[in-house]
Amino acid sequence: MQNKKLKWKSDFEKSVIIENFVNRGWIKSQDKEEDSSDWNVYWATVWNVRNIFNPKSGFRLNDQQIINHFPNHYELTRKDCMVKNLKRFKREQDKETYEQQGWNFDFLPTTYVFPGEYSLFVEEFHRCPNQTWIVKPAARSQGKGIFLLRKIQQLKKIAGTTVTNNMTQLNLASKENYVVSKYIDNPLLIGGKKFDLRMYVLVTNYKPLKVWIYNKGFGRFCNEQYTTDVAEIENMFVHLTNVAIQQYSDKYSQKHGGKYSIDALKFYVESAYGTEAFQKMMDDIHSIMLTSLKSVQAVIQNDKHCFEMYGYDILLDANLKPWLIEINASPSLTTTTPVDKNLKLNLINDVYNIVLPNDDFPDNEQKQQQITKVGGFSVLYDESLDLMNRKAQKRQSVKIWK
Amino acid sequence: MQQLDNQEILMKLKSQKQFWDIKKKVKQGFSDQQKIGINDIQKFAQSCEIEDQLIKLISHILKKSKKRETLKEDQIEFLNTSKIKWTELLFKNLDIVHQKAKNQEEDDTNTDSKLYIYDEKNLLAFLQTFKQQQPSVLYQNVQFQSNKLLNINIPLKSSQQILDKYQYILLQEELPEEKINKIRKSIENEHLDIELEKIAQTYVPNGERCLLYLKYFEFDHQETVLQQNFAKLQKECQNQLFIDELLEIDGHEISEDTFYFVFQEQILTCLKCFIRDKSIKENIRIQLQNGMKKEHAEFQLPVAGFFPFKNISKYVAPLCYLSTKIHIIYALFKEFFCRYFCFLHAISSEYNSILSLCMQIEEIVSTRSPKLFHHLKVIGCDTLKLIIHQLIYCFVGDMDPPHILTIYDQILGHDSLEILVILCVGFLNKYKPKLLLAKNYENVQQIFQELREDKFQELVQFAYKQ
């Protein structure tokens, strides 16, 4: 493949993707057919990936092709699947094992998937009458369809009919699932405003698991002062941090887009809360990332042609405890400010520096290299090292026995 | 100055934790002995440095007992009359601004955004007028250098003295975790300002910075008092003043800053309280404006004793990183302003004053980088006009918050603003290659509009490059 220019294809007309490909001297695939195979590098939508890996499509990727999603990524990135897999993973681990491994499952707010778990939800709802809940469509993004709930009757929005307290079943108007979680009503506030974190994680392999974490990210701030006042429960500018929502606020700034760099946030937490508190917060965030990825390791189809860059949405509460909100398979690559553009341009650049080192498909020797840092990415977890250590230990113990 | 008698000194000693630690040590040293003479105690104290510790502690108490008077009169009479003229000018500006604000209210299409009483350019332009007026006392024994913007006879430290003082920063390396932990423990245990200053000069861990500042300003056990005082001021903010409008407008720039927009409301609250704080007048080290009461005037000087200026928000902003509690942020801002930043806006011959700092910068650049100095003059862009913004606002907006707080550490550590001289010189040296290619002021502006990242250590290194 050396000296041969790679061909690229993208389903997204995003400058941060296209500029990266062009800057590397790669050639755009001229084949206009959606299901064409005349490419080496494809930044695809999740739907096209699903089609490619659909056995009925007859498509087989060759050794010189790489794509940006795993076939069944939705096990991690659909809200209902993520909850299902995390709950299953927790049940499968006995307490001793996951404590030994340092896994912690206490990062997911109590969540029910509708319609299946509606009756369980109702029970919990009545047990906690002052609890606010957040209702989200399982497979949508950008804050669409999300609302806060304090009365069962509000579920009329998704049921299409009146919902009463004594109903044990919920028939949804649309076919989509919903997830309903306990609303974290004591978020960490800075300047009196709620925010969440967007952090980037790259998985280049699930078996063994190899995870890279990006050193840049940002906090997404609401434009209005946070309040738990019931009168403001429907004010999305107070409660939902999605840029897609906040950009419609009168107070939205084009200059910073409500995005606060993660470096600034880390500095703030360390300065205002102390080094120990900051370190614990970061350790907890890393633990969330690892546990969530481990929870789907057994179910994800680990195809060698695939990698995936996830956008993790994490909410910090007033005690600096991180909570997992969701994981995005296609984190937005739209840039709202020059700083944002710089971040995402470098992000995509670093992704391809990892998956295609030296702008080429890595040979076996390159694959064996234990590189732990590339650009802004550092290895968060490399299971192959664990396996190597265990093999070495086994060989050692066999030697001793012999 | 308040003098303490021995009884008072003893009472103050007993209020210090270190006194009791020393006493405990002495007791432990003589636990078995029945008869202890003065000589025994002296020998013991000298042997385990208790004598040194006690001397430092008593010096600290005596120093703290001296109430620092606000500097109102300058040794140079011309500067006193200049301060009066400056204040009169600001009163006039305030009237103009008030009229503009009224016009804007009445006419939405009129969006003249220059709603501030003065900015750094106005201040520099005023300082320049001293040269034009040439009063003889200011120019005695001064070699008149027409290429300098400011060249008047005020006591100045030698450039070499300043450069030598901060040279140690060049040798600072990244500290291992063990040493950082040691510094953390020192900050937790230390109470003497002289020791805290030493720490601030070398390295302050991010997580302990707030504690160091609180201890240095003796606020570490006064949180309730700070909270109560701040709450009183917040209540007074319910009565809206015209100046509040100007503070809100000033906050717009901060609200666009990617590092500080999250603190916009806190900054505004702090400033509104600040201009209403009566204690500022007693605590501020130097009088900014001559507080003459004007009869029948619509506006008088605010209670704090001076008119706020453009970008005053920038002084508060970095301190918002240090605490989640607004009364702590306010207390720290008040101390930093009253002790240090006030000098950046005072017409004075004091070492820390804006006049003195500007002249130091011109001196260093004209002697160590004469080519750059001359070139900037030729293209109509004086050195001082180029860096006045960075100087007056301590590089807030030019450097990331961690670097700004390192500047604040140095200011506190040396009880001086001279670090700004070093950084301004470094800033000019860093961009010297590009500046030397600039053909006019617009070229120069373009250089600084490009995305850049200036860092504390980097600018210090550049300051010493020739």
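Which residues line the second largest cavity? In this predicted model, the second largest cavity is lined by B:Leu115, B:Tyr116, B:Ile117, B:Leu246, B:Leu247, B:Asp250, B:Pro308, B:Phe309 and B:Lys310. Its volume is about 60 Å³, and by class its lining holds 7 nonpolar residues, no polar residues and 2 charged residues.

**Cavities and a pocket**

Counting cavities of 30 Å³ or more gives 5 in the model. The largest cavity has a volume of about 330 Å³, and among the 26 residues that line this cavity, A:Ile134, A:Lys136, A:Ile146, A:Ile325 and A:Glu326 are the closest to its centre. Several elements of chain A give two or more residues each to this lining, namely the helix α4 (79-92) together with the strands β6 (133-137), β8 (178-182), β10 (193-206), β13 (308-316) and β14 (322-328). The lining of the largest cavity divides into 13 nonpolar, 5 polar and 8 charged residues.

The second largest pocket, for its part, has a volume of about 1,600 Å³. Of the 47 residues in its lining, B:Phe217, B:Glu218, B:Phe219, B:Glu335 and B:Arg339 lie nearest the centre of the pocket. At least two lining residues come from each of the chain B helices α4 (50-65), α9 (193-202), α10 (209-216), α11 (223-236), α14 (279-283) and α16 (326-339).

The volumes and the classes of lining residues are set side by side below.

| Space | Volume | Nonpolar | Polar | Charged |
|---|---|---|---|---|
| Largest cavity | about 330 Å³ | 13 residues | 5 residues | 8 residues |
| Second largest cavity | about 60 Å³ | 7 residues | no residues | 2 residues |
| Second largest pocket | about 1,600 Å³ | 12 residues | 12 residues | 23 residues |

**Strand pairing at β1 of chain A**

Strand β1 (residues 7-10) of chain A pairs in the parallel sense with strand β2 (residues 27-28) of chain A, over 2 bridges, and within this pairing A:Trp8 has A:Lys28 of β2(A) as its bridge partner. Between β1(A) and β2(A) the chain passes through helix α1 (residues 15-23) of chain A, in a β-α-β crossover that is right-handed.

β1(A) also pairs in the parallel sense with strand β3 (residues 41-43) of chain A, here over 3 bridges, and A:Lys9 stands opposite A:Tyr42 of β3(A). For reading the side chains here, it is useful to recall that in a regular strand they alternate between the two faces of the sheet.

Technical notes: Residues are numbered from 1 along each chain as its sequence is written. Chains are lettered from A and ligands numbered from 1 in the order in which they are written. This is a predicted model: local features need pLDDT of at least 70, side-chain atom pairs count only at pLDDT 80 or more; totals for chains, interfaces and linings use all residues. Side-chain values use heavy atoms; hydrogens and water are left out. On a 1 Å grid over the protein atoms alone, a cavity is a set of points where a 1.4 Å probe fits but cannot get out, and a pocket is an open set with protein on both sides within 12 Å along at least five of seven lines; lining residues have an atom within 4 Å of a point. Grid points are joined across faces, edges and corners, and a volume is the space filled by probe spheres set on the points. Helices (H or I, at least four residues) and strands (E, at least two) are DSSP runs, numbered from the N terminus. Ala, Val, Leu, Ile, Met, Phe, Trp, Tyr, Cys and Pro count as nonpolar, Asp, Glu, Lys and Arg as charged, and the others, Gly among them, as polar. Two strands pair if DSSP finds at least two bridges between them. A crossover is right-handed if, with the strands pointing away from the viewer, the path from the first strand over the helix to the second runs clockwise.
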